Amino acid sequence: MISIWSIFVTIIISNLLVVLFCFLSKKTSYIKMLGIPVLLTLLLMIIVRILIPMEFPYTKVFFSTNLLPKIDTFLRTPLSTVLMLKNISLFSLIGVVWLTGIVISMIRLLSNQYHLKRSFKFCPVKTDIDQDIFLKVASEYKLPKRLKIIETSAVSIPMIFGFVSPTIVFPISNFTSEEQYFVLRHELEHYHNRDIWVKTLIELICAIYWWNPFVYALRKRSDCILEINVDFSISKTWEETKRLRYLQFLLNTYKKSRLSTQKII
């Protein structure tokens, strides 16, 4: 059952879990000690808990006869004596503001996704992909049937977009054959790990709890963990020299992204 207090408890518990997740995922030593699977499990627990703000059958209820009833009465008391609003309580006012923010955030989120998808629709297909590299990647992954590879100056780093019909987006740059391999492996690993779904759910959480700074911290740290997971997964069987070249490529890509952002600003 969903109630005012189940939502309140969900927010408190979720915020505590987010703090724990951010703390454990911030230091490399903690990540090595716990392992990526543990952190990803914690991340999924947080997502599920936030999106299901209800009291479960096994929940143990603690009764309050002093503080919580007073807070509940205060929230439900009409504001007519203060703001001349008849039959409107502070709780109702908070609910209206929250719901309005959700609607605005959802419209903004859907609009951004629509314009992003529309802009990619008219981008040219990347034709200079090394066929040997593409066949090598195809032998290592089960490629999506409707996979599309494009390039555009609208992005500064490679990315993948789309759930059913994924599109790998290359920035316009002179990638070597090996760098093309790194990009394809990296983005397809995101796709097969369902990272796109995870990121979308977190964006949905940010739209719903738009006023909560903890959800934005969760988005930032979860992106880092998903990237670390992908980088480790695809490079764990490589020899040291190849792994170093991959790390250097990631570093160069990050520097180009930062430089591009500074130029825009």
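**Figure 1. Contacts across the chain and its overall fold.** In this predicted model, residues 24 or more positions apart account for 66% of the contacts in the chain with a separation of 6 or more. The secondary structure comes to 11 helices and 3 strands. Reading along the sequence gives the pattern α-α-α-α-α-α-α-β-β-β-α-α-α-α. The chain has 265 residues, and 35% of them count as buried.

**Figure 2. The largest nonpolar core, with Ile 46 as a member to start from.** This core has 26 residues, and those that touch the most other members are Phe 21, Leu 43, Ile 46, Tyr 209 and Leu 218. Two or more residues come from each of α1 (4-26), α3 (36-51), α6 (90-121), α9 (195-208) and α10 (213-235). Helix α3 gives the most, with 8 residues. If you centre the view on Ile 46, you will find Leu 17, Val 18, Phe 21 and Leu 218 touching it, once residues up to four places away in sequence are set aside.

**Figure 3. Helix α3 packed against helix α10.** Two packed helices are described by the angle between their axes and the distance between the axes. Here the axes of α3 and α10 come within 11 Å and cross at roughly 145 degrees. The crossing of α3 and α10 is left-handed. On the α3 side, the contact is made by Ile 36, Leu 39, Leu 40, Leu 43, Ile 46 and Ile 50. Helix α10 answers with Leu 218, Ser 222, Ile 225, Leu 226, Ile 228 and Asn 229. Two of these residues, Ile 46 of α3 and Leu 218 of α10, are also in contact with each other.

**Figure 4. Ile 47 and its partners far along the chain.** Ile 47 lies in helix α3. With a relative accessible area of 3%, Ile 47 falls under the 20% limit and therefore counts as buried. Leaving out residues up to four places away in sequence, Ile 47 touches Val 198, Leu 201, Ile 202 and Ile 205. For a sense of the sequence separation involved, try Leu 204: this residue is 157 residues from Ile 47 along the chain, and their C-alpha atoms are separated by 10.0 Å.

**Figure 5. A second core and a cluster of aromatic rings.** Separate from the largest core is another of 20 residues, which includes Tyr 141, Phe 182, Leu 188 and Tyr 191. A search of the whole structure for aromatic pairs finds 14. One of them joins Phe 170 and Phe 175 in an edge-to-face arrangement, 5.4 Å centre to centre with 80 degrees between the planes. Both partners are buried, because Phe 170 has a relative accessibility of 0% and Phe 175 has a relative accessible area of 14%. Ring pairs also link Phe 170 and Phe 175 with Tyr 181, Phe 182, Trp 238, Tyr 246 and Phe 249 into a cluster. Phe 182 thus appears in this view twice, in the second core and in the ring cluster.

**Figure 6. Two lysines over aromatic rings.** The charged end of Lys 126 sits over the ring of Phe 170, 5.1 Å from its centre. Lys 136 places its charged end over the ring of Tyr 181, with 4.5 Å to the ring centre. The rings concerned, Phe 170 and Tyr 181, both belong to the cluster in the previous view.

**Figure 7. Pro 124 in a loop.** Look for Pro 124 in the loop between α6 and α7 (131-140). Its contacts, leaving aside neighbours within four places in sequence, are Ile 150 and Glu 151. Pro 124 and Ile 150 are 26 residues apart in sequence, yet 5.7 Å apart in space from C-alpha to C-alpha.

**Figure 8. Arg 194 and its positive phi.** Most residues other than glycine have a negative phi. Arg 194 is not a glycine, but its phi is positive, at about 65 degrees. This residue is found in the loop between α8 (177-192) and α9. Its relative accessibility is 47%, so Arg 194 counts as partly exposed.

**Figure 9. Trp 5 in the helix α1.** Trp 5 is found in helix α1. A relative accessibility of 24% is why Trp 5 counts as partly exposed. The C-alpha atoms of Trp 5 and Met 54 are separated by 9.0 Å, and the two residues are 49 residues apart along the chain.

Notes:
Residues are numbered from 1 along each chain as its sequence is written. This is a predicted model: local features need pLDDT of at least 70, side-chain atom pairs count only at pLDDT 80 or more; totals for chains, interfaces and linings use all residues. Side-chain values use heavy atoms; hydrogens and water are left out. A nonpolar core is a set of buried Ala, Val, Leu, Ile, Met, Phe, Trp, Tyr and Cys residues joined through side-chain atoms within 4.5 Å. Buried means under 20% relative accessible area, exposed over 50%, partly exposed in between (1.4 Å probe, protein chains only). Helices (H or I, at least four residues) and strands (E, at least two) are DSSP runs, numbered from the N terminus. Contact means heavy atoms within 4.5 Å. Rings of Phe, Tyr and Trp (its six-membered ring) pair if their centres lie within 6.5 Å; planes under 30 degrees apart count as stacked, over 60 as edge-to-face and the rest as tilted. A charge sits over a ring if NZ of Lys or CZ of Arg is within 6 Å of the ring centre and within 35 degrees of the ring normal. Axes are lines fitted to C-alpha atoms, for helices over the stretch in contact, and angles run from 0 to 180 degrees between N-to-C directions. A crossing is left-handed if the near helix is turned anticlockwise from the far one by less than a right angle, and right-handed if clockwise.
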